[in-house]
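Thanks for coming, everyone. I'll keep this brief. Have a look at the model first, then we'll walk through it.

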Amino acid sequence: MSRAGKTILFRALLIGPALMAITVFMIVPLALMAYISFRGRDYSGGVLWDQFTPEAYVRLFFERELDGTLALNFNYMAIILRSVWLSFLTMAISLAVGLPVAMFMATRNARWKAVLVFMVTLPFWTNLLVRNYAWILLLRDHGTINSVLLWLGVISEPLPLLHNSFAVAVGLTYSFLPFMVLPIYASLEKIDLRLVEASFDLYATRWQTIRRIILPLAFPGIVAGCVLVFVPALGAYITPELLGGGKTLMIGNLIGFQFGGARNWPFGAALGLFLLLLVLISLGLYARRYRGELEGSQ
Amino acid sequence: MIRNNRVGKHTAKLLVATAITLTAFGGSAMAEGELHLYNWTNYFAPELLERFEKETGTKVSVDNYASEEDLLAKLQAGGGGYDVIFPGSTTLGVMVEKGLLAKIDVNQMENFKNLLPAFTTMAGDEKREYSAPYMWGTTGFTYDPALVPGGKLEESWKELFEPKDELKGKIAMLNEMSDVWNAAAYYTGVSKCTEDPAEAQKILDVLMAQKPHVKLYSNDGTIDRMIAGEVAVHMQWNGAAHRVKEKKPDAVYVYPKEGTTFWTDVIAVPKDAPNMEAAKAFVNWMMSPEVAAIASNYTGYSNAVSGSGEFLKEDLRNDPAVNTPEEYNERLRAFEACSPASKDLREKVWTKLKS
C-alpha cells in the first residue's frame, strides 16, 4: 500500500468509532423521530406505521374547527414562547451573576482557583431532582426563607415564592449557573494581567478597563456560556414540573405529556424536532453574529 | 401514579415475594397441578398462596411485572405460561379486543353473587365473561378540618372548583389529565366521554376559573403536603388519603356527590393458560369474602366482595376512605372507554389549561 493510502486508512480507523457513535446514537434516532412525526397516531399509545400524515405539524399551528376548517392555534405557541422567554431570562440572570464570580475566581492565586472551581462544580455531584427538591424546601410557605422572614418580622404572611414562573426561573438559574461560570472563567484565566496594568497606566478607569479590555477578551467565554445555559434551559423538564407546580408548562413538559397522558407519539416527535430547530436557529444566530470574535480569539 | 403508591406500600415484603418466586422456579415449574400468577410487585398476599395450596392441593407461584406494557407484550408474544393475570381497566379492554383472554364466564361462577353490584359489569368486559374484579380505588378529595372554615366541607366538587375565599390558594389538584377532566365533567354535569366542543368549553371554563386559586397540580407528595398542612384541601387517591389519616386522624376523605371516579384492577386468564381448570377455580376462590379481605389487608386497597369487611384489618375497616360506606356506592363512576374525538377534546382542554 502506498504511503498516502496508509495515511487515509489510518485516518479512517481513527475517525471511524466517532462516526459510528454519531450515526448510531444521533442520526438514526433523529431519523426515526422524523419518520414517526409523519406517521398516524394510535390512540392506545404508539404509532400507525402504515399511515402517512402531516397532521402532527398541522396541529402545532392550527386547530380543526367543527366543520373541518383550520384556525390558528396559539396554545402550543404560548408554551413555546414561554419556554424561550424563561430560558432567555435564565441566561441573562446567569450572566449577571456568573460574570463577577468568574472574574473573582480568575484573579485568585493557583491554589484558591482549584478550590473555587471545585466548589462551582460541587452541585453536579448531587442529582438534579434532589437539588430541585431542596429548592422546594427553601421556597415553600413554611420553608426556610419564609420562616426566617416571618421570624424577623419583615413580612406577616408567607411570600408566594413557590409554584410560579419565578420559582422556575430561580431553579433553572441555579441548575445551569456553572455552565456560565466555567467557560467565562476559562477565557478570563488566559488574559494577560499586564494588559490590565497597562490600561491603568494609560489612565483608564476601572469601568473602562472592564469594558474595553476584559469584556472583549472574555467574549468567547461569554458566548459559550450563554449557549450552554440557554440550550438546556429550553428543554428543561424537571424544574418546571416541580417548582412550577404543574401550572406553567415548558416545551419539555409538553413533549413529555404527548408520550404520557395524551398518547400522541407523532405529535411528541414533531415537537421534539421543533425544539431541535429552535436550538439550531439560536446556535446559528450566535455563530453568524460572533464569528469574527470567536475566530479572532483563537 | 396509582401504581407507584401501591408498589411502594410493602417494600419490606419484597424479599418474601422474591423468595417465593425463586422457590417456584426452583421446583418443576411445569408440573401438573400448578398455577402460575403474573402480577404487579407486592400486590398479592403470600399468605393466600399457601392457603390455596392447602385447600385445593394446587401449588401457586407468582411472577412480577413492572408495567402493564410488560404484561401486554408478554401476552402478545405467546402467554409465557401464566394461568392468571391482573390487568387494569385500560389494558383489559385492549386484551379483550385483541382476543388474548380466555372466556371463563365469571358471571356463571358460584361466588359471582358476592360481588358488589357496581362491579358486576365493566367497560371492555360488560358481561363479566373474562374478568373478576381484584382491587379498586377512588379519586376524591381530602381536607384538614383544622384548616377549613367551620371545620367541615360539603361533600361536593364545588369546594374544590369554586373554593371559599378562605381556601383560595390553599387547594391542590392532581396533575392527572383524566382524573381532573372526569371530576370537572361530573361537576358540570357533562358526560366525561363528550364529543361536543361546547360541553368541553364548559369544563374548561370551570378549570380556568379555578386555576388562580390552585396552589399546584401534582401527583407526587400529596400525602406529605396534607400532613405538613401546606394545603387545606387536596384532590387525592383514596390509598393516599388512608396514609394521610395515619398521621392526621382528623383528615376527611370526601366522595363527592356529583360523582367519584374509581379504577379497577381485574383477575383474568390468558387464552392459552396451561392450567385452565385450576385458573377458573382460583378466580372463583378470589371472590370469597375472607380471601378478598386477606388480599386487601396486604395491598391496602379495597376489594369488590361484599361481606369481606368483617375480615379486614381494623385500621382499613374503620377507614371510610378504604372501606367505602354503602351509601356512597351510587356516587361511584366507572371507567369508560371514550372515543378518539372525545380524547382529543380532553387533551385540548388540558393543554389550554396549562398554556
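**Two helices of chain B, and the contact with chain A**

Start with helix 14 of chain B, residues 340-354. Its 15 residues reach 21 Å from first C-alpha to last, close to the 21 Å expected at 1.5 Å a residue. Keep in mind that this is a predicted model.

Which residues of helix 14 of chain B are buried? Towards the start, we have B:Ser342, B:Lys343, B:Asp344, B:Leu345 and B:Arg346. Further along come B:Val349, B:Trp350, B:Thr351, B:Leu353 and B:Lys354. Note the charged names in there: B:Lys343, B:Asp344, B:Arg346 and B:Lys354 are buried too.

What do they pack against? Within chain B, the buried residues of helix 14 meet helix 7 and helix 8 (197-210). Across in chain A, they pack against helix 3 (75-106).

Now helix 7 of chain B, residues 177-188. It has 12 residues and spans 16 Å between its end C-alphas, close to the 16 Å expected. Helix 7 is mostly covered, with 10 of its 12 residues buried. Among them are B:Trp181, B:Tyr186 and B:Tyr187, plus the run B:Ala183, B:Ala184 and B:Ala185. Just after this helix, B:Gly189 takes a positive phi of about 75°.

On to the chain-chain contact. 16 residues of chain A are in contact with 17 residues of chain B. The chain A side divides into 6 nonpolar, 7 polar and 3 charged residues.

Last, chain A itself. It is divided into domain 1 (1-34) and domain 2 (54-296). The centres of these two domains, taken over C-alpha atoms, are 33 Å apart.

Notes:
Residues numbered from 1 in each chain as written. Chains lettered and ligands numbered in written order. Predicted model: local features only at pLDDT ≥ 70, side-chain atom pairs only at ≥ 80, totals over all residues. Helix = DSSP H or I, 4+ residues; strand = E, 2+ residues; numbered from the N terminus. Expected span 1.5 Å × (residues − 1). Buried ≥ 20, exposed ≤ 12 C-beta atoms within 10 Å, placed from the backbone. Contact = placed C-beta atoms within 7 Å. Nonpolar A, V, L, I, M, F, W, Y, C, P; charged D, E, K, R; others polar. Domains from an automatic or database assignment.
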